[in-house]
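Hi,

Here's the structure I said I'd pass along. Have a look at it first, and my notes follow underneath.

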Amino acid sequence: MLPKFSTRVFLAPMAGVSDPALRLQCKKMGAGLVVTEFTNIHSIIAKESQLKEKMKTIQEFIEYSDDERPLSIQLFGSNLFALEKAAKIVEPYFDIIDYNMGCPAPHITSQMAGGALLQEVNLTQQIFSTLVNAVKKPVTLKIRSGVTDASKFLFRDVAEIAEDEGIEMITFHPRTVSQGYSGTADWDLIKELKQISSIPIVGNGDITTPEDAKTMIDHTDCDYVMIGRGAMGNPFLFEQINDYLKTNSYKEYSFKDRLDSFFDYLHLTNQYKIKFANIKGQAMRFTKGMKGGSKLRSKITLSKNIQELEKIMNDAYFSS
Ligand SMILES: Cc1cc2nc3c(=O)[nH]c(=O)nc-3n(C[C@H](O)[C@H](O)[C@H](O)COP(=O)(O)O)c2cc1C
């Protein structure tokens, strides 16, 4: 059974972005569910055998905190034996096991994983059944609409198979794999999926404002919405959407508030081993759209350690 979600707005899994500090920050700002970056099933298995030797747990490899719960781990990879093994390894630590069938990156699709699986009806059926039978925790799915424009309705069959096999919730980003991030997400397809499904549907794609979230919910009747790029460097969006859905109004935040929230993020990173390059990437996102932002980002790019980065951001804060 799915856990109870405190709000209808979820943070999307984003490789290199949704690290444990950002997830925790978004959770505190009102995200009802956060999901880890996608994780290779073979790496989980390889890591576990190393960790076992050192008497450590998988938490050393996939960092998280209990304050993020309910917490979903996203897996990718289609070898059924490895999938079963990896799912069993991570099950004790997470509340939901999510499966990635949407990633458009060629290095993923070429290994018959991510979005490429949408066209493999037999294999997807086996994947769902393997996962659902391997674990007692709820299994959810994240998909795109299809592979190419000609196959943009593949989601219909995949969703039906998923539901039959016991998948408990589907997140739908209605772009095709070949579209990447170009064009727009076709929200009509979310509406269609919601109509043909009896499990919860999470609508995803192109939400950057509270108004967008409400429009998606009103238009598609989806149960939840998931935010990716719109939440980058802007954790306030969760609070704003929650408020807007309840009261039709929300608090505006200044760029100074955004810089402030970057320091909150930075503070949270202390608990984890997040790569400095990733933290720098986050700093760039928190300055997006700011006056003088591009100058600031050139300085951020050149910073070599946390201390330098902190000084640059501090100077920006006091001169803004
Ligand atoms: C940098 C980046 C990394 C992503 N990594 C993942 C991932 O690991 N797993 C996944 O299912 N989707 C991933 N996505 C896709 C997002 O979860 C989401 O479906 C997509 O960005 C559309 O939502 P948005 O318009 O709100 O950004 C990623 C997207 C971006 C921009």
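Before anything else: this is a predicted model, so please read what follows in that light.

**Domains**

The domain assignment splits the protein into domain 1, covering 9-240, and domain 2, covering 255-319. Their C-alpha centres sit 28 Å apart. Where they meet, 13 residues of domain 1 are in contact with 15 residues of domain 2. Which element gives the largest share of domain 1's side of that interface? That would be helix α1 (residues 20-28), with 5 residues. By class, the domain 1 side comes out as 7 nonpolar, 4 polar and 2 charged residues.

**α1 against α10**

If you want one helix pair to zoom in on, try α1 and helix α10 (residues 255-269). Their axes come within 8 Å and cross at roughly 125°. An angle over 145 degrees would count as roughly antiparallel and one of 65 to 115 as roughly perpendicular, so α1 and α10 end up oblique to each other. The crossing of α1 past α10 is right-handed. On the α1 side the contact is made by Ala21, Leu22, Leu24 and Gln25, and α10 answers with Asp264, Tyr265, Leu268 and Thr269. Sorted by class, that contact holds 5 nonpolar residues, 2 polar and 1 charged.

**α10 against α11**

α10 also packs with helix α11 (residues 276-286): the two axes come within 9 Å and cross at roughly 165°. That angle makes α10 roughly antiparallel to α11. Here too the crossing is right-handed, with α10 passing α11. From α10 the contact uses Arg258, Leu259, Ser261, Phe262, Tyr265 and Thr269, while α11 brings Ile279, Gln282, Ala283 and Phe286. This contact divides into 6 nonpolar, 3 polar and 1 charged. If you're colouring by contact, note that Tyr265 and Thr269 are in the α1 contact and also in the α11 contact.

**Around the ligand**

This one is probably for you. Which residues come nearest to the ligand? Of the 22 residues around the ligand, the nearest are Ala12, Met14, Phe38, Gly228 and Arg229. As for the make-up of the shell, there are 9 nonpolar and 9 polar residues, plus 4 charged ones.

That's what I have for now. Shout if you'd like to go through any of it together.

Cheers

Note on methods
Residues are numbered from 1 along each chain as its sequence is written. This is a predicted model: local features need pLDDT of at least 70, side-chain atom pairs count only at pLDDT 80 or more; totals for chains, interfaces and linings use all residues. A residue is near a molecule or strand if its C-beta atom, placed from the backbone, lies within 6 Å of it. Ala, Val, Leu, Ile, Met, Phe, Trp, Tyr, Cys and Pro count as nonpolar, Asp, Glu, Lys and Arg as charged, and the others, Gly among them, as polar. Domain bounds come from an automatic or database domain assignment. Two residues are in contact if their C-beta atoms, placed from the backbone, lie within 7 Å. Helices (H or I, at least four residues) and strands (E, at least two) are DSSP runs, numbered from the N terminus. Axes are lines fitted to C-alpha atoms, for helices over the stretch in contact, and angles run from 0 to 180 degrees between N-to-C directions. Angles under 35 degrees count as roughly parallel, over 145 as roughly antiparallel, 65 to 115 as roughly perpendicular and the rest as oblique. A crossing is left-handed if the near helix is turned anticlockwise from the far one by less than a right angle, and right-handed if clockwise.
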